Amino acid sequence: MNFAPVRRPIGCLKTVFRHARQQRAAQRSLTTASSETPTQSAISARQRAAHEKIGKFAIYPQIESIRSTNPDPMPILRQQQLAQLDPTGARTRLFSKDHADSAKVGDVLMVTSKGGEPFSGAFIQIRRRGADTAILLRGQMMKIGVEMWFKIYSPSVTGIDIIWRRPKRARRARLTYMRKPKHDMGSVDNLVSAWKKERYALRSKSKQFGGKKAKK
C-alpha cells in the first residue's frame with residue numbers, strides 16, 4: 001500500500017501550525033516591547049521627582065561619638081584609688097603577674113588584720129578587680145577546713161607575708177581541688193612556726209651585727 005497521499009496533508013498541517021506558533025510568538029514580543037516603554041518613562045519620572053524632594057533637605061555631618069570625645073575615665077580612677085590605698089606599691093608587686101618574687105597560687109600566706117588574729121593558709125585563688133582585688137586562703141581550725149577571703153588593699157589588712165613557697169608552679173589558676181581530703185594541705189601551723197623561728201634568728205643576727213658595728 002502507498003501511504004504517500006495520506007502523509008502529505010498531515011505534513012502541510014504541521015507546517016501551518018508551525019507558522020502560526022511563530023506568528024503568535026512575534027505578536028507577544030511586539031506587545032511586550034510596546035508596553036515596556038510607558039512603564040520605563042513613568043519610573044524615570046517618579047525617580048526624578050523623588051530626587052528633587054531629597055535635594056530640598058539639608059544634609060548635616062555625622063556627630064562624633066562620645067568615646068572619641070570623652071575617653072573612658074575608669075582606668076584613671078583605678079590608678080588614683082590604688083595610689084591612695086597602696087602608696088608604696090608593695091601590695092601590687094606582691095601579687096603582680098610580671099614580678100618574679102610575687103606570691104603564686106599554692107603558696108602559704110599569712111594575713112594580719114587589725115581586728116583579729118593572723119590567719120594563715122594555702123593561697124588557692126585570686127580575684128583581680130582593681131581596688132577590690134581579693135585572695136582566698138584555705139587553712140584549718142580545730143581540724144576543720146576554713147576558707148577566708150581577704151581584700152589586699154583593705155585598710156584593715158596590716159600585713160601579708162609569704163610563709164612557704166610552692167616548689168613547682170601550679171598548673172591551674174584556682175586550686176579548688178585542695179578542698180578534697182586527698183589533696184587538702186591541712187594545718188600549716190608547723191610551717192608558720194618554722195617561719196617565725198627563722199625570722200627571729202635573722203633579726204637577732206642583724207641586731208648583733210649592728211651592735212658590733214656601733215662598738216667599733
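Colleague: Which residues make the nonpolar surface patch of about 300 Å²?

Modeller: Leu13, Val16 and Phe17 make that patch. A patch takes residues with over 30% relative accessible area and no salt bridge, with nonpolar side chains (Val, Leu, Ile, Met, Phe, Trp, Tyr) joined within 5 Å and like charges within 9 Å; areas are Shrake-Rupley with a 1.4 Å probe, and for residues only the protein chains shown count as cover. This is a predicted model: local features need pLDDT of at least 70 and side-chain atom pairs pLDDT 80 or more, while totals for chains, interfaces and linings use all residues. Numbering runs from 1 along each chain as its sequence is written, and side-chain values use heavy atoms, without hydrogens or water.

Colleague: Where is Leu13 found?

Modeller: Leu13 belongs to helix H1, residues 4-56. Helices (H or I, at least four residues) and strands (E, at least two) are DSSP runs numbered from the N terminus.

Colleague: Is Leu13 buried or exposed?

Modeller: Neither; Leu13 is partly exposed, at 48% relative accessibility. Buried is under 20% relative accessible area, exposed over 50%, partly exposed in between (1.4 Å probe, protein chains only).

Colleague: Salt bridges next. How many does the structure hold?

Modeller: The structure has 6 salt bridges, each a side-chain nitrogen of Lys or Arg within 4 Å of a carboxyl oxygen of Asp or Glu. One of them pairs Arg165 with Asp107 at 4.0 Å, N to O. That pair links distant parts of the chain, 58 residues apart: Arg165 is in the loop between strand E5 (157-164) and H5, and Asp107 is in the loop between helix H4 (90-94) and strand E1 (108-113).

Colleague: Which way does Asp107 go, buried or exposed?

Modeller: Asp107 is buried, at 3% relative accessible area. Its partner Arg165 is partly exposed, at 40%.

Colleague: What does Lys151 pair with?

Modeller: Lys151 pairs with Asp132, and their closest N and O atoms are 3.9 Å apart. Lys151 sits in strand E4 (residues 144-151) and Asp132 in the loop between E2 and E3, so this bridge ties together parts 19 residues apart in sequence. Lys151 is partly exposed at 42% relative accessibility, and Asp132 is partly exposed at 43% relative accessible area.

Colleague: And what is the N to O distance for Arg179 and Glu147?

Modeller: The Arg179 and Glu147 side chains meet at 2.7 Å. Glu147 is in strand E4 and Arg179 in the loop between E5 and H5, so the bridge ties together parts 32 residues apart in sequence. Arg179 is partly exposed, with 40% relative accessibility, and Glu147 is partly exposed, with a relative accessible area of 29%.

Colleague: Which residues are joined into one network by shared partners?

Modeller: Arg138, Glu147, Arg179 and Asp184 form that network. Arg138 and Asp184 also help line the largest cavity, together with Ala122, Gly139, Met178, Met185 and Gly186.

Colleague: How much space lies in the largest cavity?

Modeller: About 30 Å³, and there is 1 cavity of 30 Å³ or more. On a 1 Å grid over the protein atoms alone, a cavity is a set of points where a 1.4 Å probe fits but cannot get out; a pocket is an open set with protein on both sides within 12 Å along at least five of seven lines, and lining residues have an atom within 4 Å of a point. Points join across faces, edges and corners, and a volume is the space filled by probe spheres set on them.

Colleague: Pockets, then. Which residues lie nearest the centre of the largest one?

Modeller: Ala103, Lys104, Val105, Arg128 and Arg172, out of 18 lining residues. The volume of the largest pocket is about 400 Å³.

Colleague: How does that lining split by class?

Modeller: The lining has 7 nonpolar, 2 polar and 9 charged residues. Nonpolar covers Ala, Val, Leu, Ile, Met, Phe, Trp, Tyr, Cys and Pro; charged covers Asp, Glu, Lys and Arg; the others, including Gly, are polar.

Colleague: How much space lies in the second largest pocket?

Modeller: About 290 Å³. Its lining has 15 residues, with Pro118, Phe119, Ser120, Met141 and Asp189 closest to the centre.

Colleague: Which element gives the most to that lining?

Modeller: H5 does, with 4 residues.

Colleague: Last topic: what is phi at Met142?

Modeller: Met142 has a positive phi of about 55 degrees, and it is not a glycine. Lys143 also has a positive phi, near 60 degrees. Most residues other than glycine have a negative phi. Met142 is in the loop between E3 and E4, as is Lys143. Met142 is exposed at 77% relative accessibility, and Lys143 is exposed at 76%.
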